[in-house]
Amino acid sequence: MRLSVISLFLLITLGGHAQSYNSDRVAFTNFLIRMYNNAPFEGVRAVDDYYDAYLISVLALDKERYKTEAALNRVASVKAMAQASRFFNGSNITQDMIIRTSEKSDGTSDTEIIENIRENSVGYVRALEQLTNFIRKDGLQVFIFITPLISKNDR
């Protein structure tokens with residue numbers, strides 16, 4: 001009898017804690033979705049909840065360009081890791097501009113401007129978790145990935 005009472009108490013305690021974690025996670029996810037719907041953005045941002053600071057990586061992809069859901073999820077994961085890597089490790093950006101002008105027989109000229117921008121980033125982001133994804137009004141699928149930056153208890 002005593003063992004069953006202790007087991008019941010333990011299950012209730014663990015179940016209550018797990019439900020609290022899950023409800024906090026759902027509330028944080030809903031907050032990020034509302035934030036995105038209010039002012040859509042792509043890229044990375046630092047976001048705080050009550051206990052921790054997180055880096056979120058947000059991107060939107062066209063589902064029609066990918067044959068399978070697995071391919072869509074993999075591309076989203078790789079792009080999110082690239083965004084986070086650029087945030088943590090920086091990148092090297094070079095830009096070239098070529099201006100071509102050609103004169104026509106009637107005395108006028110045509111101008112063509114070619115601009116090349118190259119970005120190189122090296123790094124690796126170890127723990128990037130897909131928090132959620134949803135369909136935007138225009139049909140693009142939005143992915144939100146998350147990784148902890150620092151716990152407020154560590155500050």
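A salt bridge is taken here as a side-chain nitrogen of Lys or Arg within 4 Å of a carboxyl oxygen of Asp or Glu. The model is predicted, and by this rule the count comes to four salt bridges. The exercises below treat some of them.

**Exercise 1.** Determine which parts of the chain the salt bridge between Glu-129 and Arg-25 ties together.

*Solution.* Step one is the distance: the N to O separation of the two side chains is 2.5 Å, and the rule asks for a value within 4 Å. Step two is the location: Arg-25 belongs to helix 1 (residues 2-38) and Glu-129 to strand 5 (residues 129-135), so the contact joins parts that are 104 residues apart in sequence. Step three is accessibility: Glu-129 has a relative accessible area of 42% and is therefore partly exposed.

**Exercise 2.** Establish where Arg-118 and Asp-96 lie, and classify the accessibility of Arg-118 and of Asp-96.

*Solution.* The closest N and O atoms of Arg-118 and Asp-96 are 3.0 Å apart, and the two residues form a salt bridge. Arg-118 is located in strand 4 (residues 109-120) and Asp-96 in strand 3 (residues 92-103); the pair, 22 residues apart, links distant parts of the chain. Partly exposed denotes the range between under 20% and over 50%. Arg-118, at 47%, is accordingly partly exposed, and Asp-96, at 36%, is partly exposed as well.

**Exercise 3.** Classify Asp-110 and its partner Lys-104 as buried, partly exposed or exposed.

*Solution.* Asp-110 and Lys-104 form a salt bridge, with 3.6 Å between the closest N and O atoms. The relative accessible area of Asp-110 is 38%, so Asp-110 is partly exposed. For Lys-104 the relative accessibility is 40%, which again means partly exposed.

Notes: Residues numbered from 1 in each chain as written. Predicted model: local features only at pLDDT ≥ 70, side-chain atom pairs only at ≥ 80, totals over all residues. Heavy atoms only, no water. Helix = DSSP H or I, 4+ residues; strand = E, 2+ residues; numbered from the N terminus. Buried < 20%, exposed > 50% of the residue type's maximum accessible area, 1.4 Å probe, protein only.
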